[in-house]
Amino acid sequence: MNILVTGAGGMVGSHMVEILCECGNNVIGIWHKNRKNIDKITLPIKFIQCDLRYGQGIDEIISDNMPEQIYHLAAQSYPTVSWVSPSETIDVNMMGTISIFEAIKKVRKYIRPDYDPMVVVACSSAEYGETLNYLDDIYVKESAQLQPLHPYGVSKVGQDLLAFQYFMNDHIRCIRARIFNSTGTRKINDVTSDFTYRAIQAERTGIYKLKVGNLETKRAIMDQRDLVKALMLLAEKGKAGDVYNISSEYIYQISDIVSIIEKQMGHKFEISIDPKLFRPTDEKIIVGDVGKLKNVTGWKQEIPMEQTIADMLDYWRDER
């Protein structure tokens, strides 16, 4: 099967192209700015640099390869960056999505009228925004109101609804996947990657000290491999045009992550609380209700946090 993955240079995308290739597919991975992750990949994957905002490049890629599945993961994915660069965030995330669907329409018009790929669009739990502060249940369903609180969240609502309207008006099959917290090797700038990275720095120096913020905070975190599996199952079994949460079902206190790292490394850390690492306000525990995902695809979360952390520690040991 010909499969296209945008955002192949990212944490999820770089792992997804490897898994899809290992399953025997012909995989094309699109990257834009950073190829650090894909430089580590030795599998026979065709990587193409392309800025999705400008239609001509993606038009040619889709018309030349006519992928049967398209995983659209490319995005400006940091809420903090979206405050500084709101226009770019909207442009990258929404125009990139438009370019993909318009490319499919052009193939149908000029090359193959029956071209019918499945497009899996990576949306976000950030779409729910303010709604999460008023839920009686921590498990948010797909039917919850979308009230994003930053430009990134708004851009993801835009992607979500753009995909829906292309399904309704142009009958382009798609899945809208609202993704919650995930982590794993090649991840940066989240609590698990930060802690495992600092732990390996401590191992190298022999100074076992760890600066932390609020250890009482709780997060629902899943391994990126469980996320990739969910996306692949949705492409095969999801109902076209529909929306699905992909979330961990397990909640971890940040202090639990520190304890798992200590156990994995066989060494206790001297913990120091750094007020600079505290957030002004800490968000409510957010967990996506994945009942719909499980009922339709049979997905289940399989990889425990202990395995995720062990793999991340080994990853940082290999990084120089």
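Which residues is I246 in contact with, leaving aside its neighbours within four places in sequence? In this predicted model, the list is A177, R178, I179, F180, M222, L227, A230, L231, L234, V290 and L293.

I start there because of where I246 sits. The largest nonpolar core has 35 residues, and I246 is one of the four that touch the most other members, along with M16, Y71 and L231. As a general point, nonpolar side chains tend to be buried together in soluble globular proteins. Several elements each supply at least two residues of this core: strands β1, β2, β5, β7 and β12, and helices α1 and α7. If you want to find them, α1 runs over 11–22, α7 over 224–237 and β12 over 243–246. The element that gives the most is α7, with seven residues. Apart from this core there is another one, of 24 residues, and its members include L52, A74, A103 and Y166.

Now to helix α5, residues 151–170. Helix α5 has 20 residues and reaches 27 Å from its first C-alpha to its last, which is close to the 28 Å expected at 1.5 Å a residue. Its buried residues are P151, Y152, G153, S155, K156, V157, G158, Q159, D160, L162, A163 and Y166. What do the buried residues of α5 pack against? They pack against strands β4, β5, β7 and β12, and against helices α3 and α4. Just after α5, H171 takes a positive phi of about 60 degrees.

At the other end of that helix, look at H150. H150 lies in the loop between β6 and α5. Is H150 buried or exposed? H150 has a relative accessible area of 18%, so it is buried, the cut-off being under 20%. The side chain of H150 reaches the backbone nitrogen of G153 at 3.0 Å. Not counting residues up to four places away in sequence, H150 touches P79, S82, W83 and A126.

Next, the charged pairs. The structure holds 26 salt bridges, and I will show three.

The first is K40 with E319, whose side chains meet at 2.8 Å, N to O. K40 lies in the loop between β2 and β3, and E319 in the segment after α10, so this pair ties together parts that are 279 residues apart in sequence. K40 counts as partly exposed, at 30% relative accessibility, whereas E319 counts as buried, at 17%.

The second is D116 with R108, at 3.6 Å, N to O. D116 is partly exposed at 37% relative accessibility, and R108 is buried at 18%.

The third takes us back to a contact of I246, namely R178. R178 forms a salt bridge with E127, with the closest N and O atoms 3.6 Å apart. Why does this pair tie together parts that are 51 residues apart in sequence? Because R178 lies in strand β7, while E127 lies in the loop between β5 and β6. R178 is buried, with a relative accessible area of 4%, and E127 is buried too, at 0%. Salt bridges that share partners join E127, D160, R176 and R178 into one network. D160 is one of the buried residues of α5 that I listed earlier.

One more helix, α8, residues 254–265. Helix α8 has 12 residues and reaches 17 Å from its first C-alpha to its last, close to the 16 Å expected at 1.5 Å a residue. The buried residues here are I254, I257, V258, I260, I261, E262 and M265. What covers them includes helices α6 and α10 and strands β9, β10, β13 and β14. Just after α8, G266 takes a positive phi of about 65 degrees.

Last, the cysteines. How many disulfides does the structure hold? The count is zero. For C23, the nearest cysteine sulfur is that of C21, 9.1 Å away. For C50, the nearest is that of C123, 20 Å away. C50 counts as buried, at 8% relative accessibility.

To close, two places to look at on the screen. One is I246, among the residues that touch the most other members of the largest nonpolar core. The other is the network of E127, D160, R176 and R178, joined by salt bridges that share partners.

Notes:
Residues numbered from 1 in each chain as written. Predicted model: local features only at pLDDT ≥ 70, side-chain atom pairs only at ≥ 80, totals over all residues. Heavy atoms only, no water. Helix = DSSP H or I, 4+ residues; strand = E, 2+ residues; numbered from the N terminus. Buried < 20%, exposed > 50% of the residue type's maximum accessible area, 1.4 Å probe, protein only. Polar contact = N/O pair within 3.5 Å; in protein donor to acceptor, adjacent residues only side chain to side chain. Contact = heavy atoms within 4.5 Å. Disulfide = S-S within 2.5 Å. Core = buried A, V, L, I, M, F, W, Y, C linked by side-chain atoms within 4.5 Å. Expected span 1.5 Å × (residues − 1). Salt bridge = Lys/Arg side-chain N within 4 Å of Asp/Glu carboxyl O.
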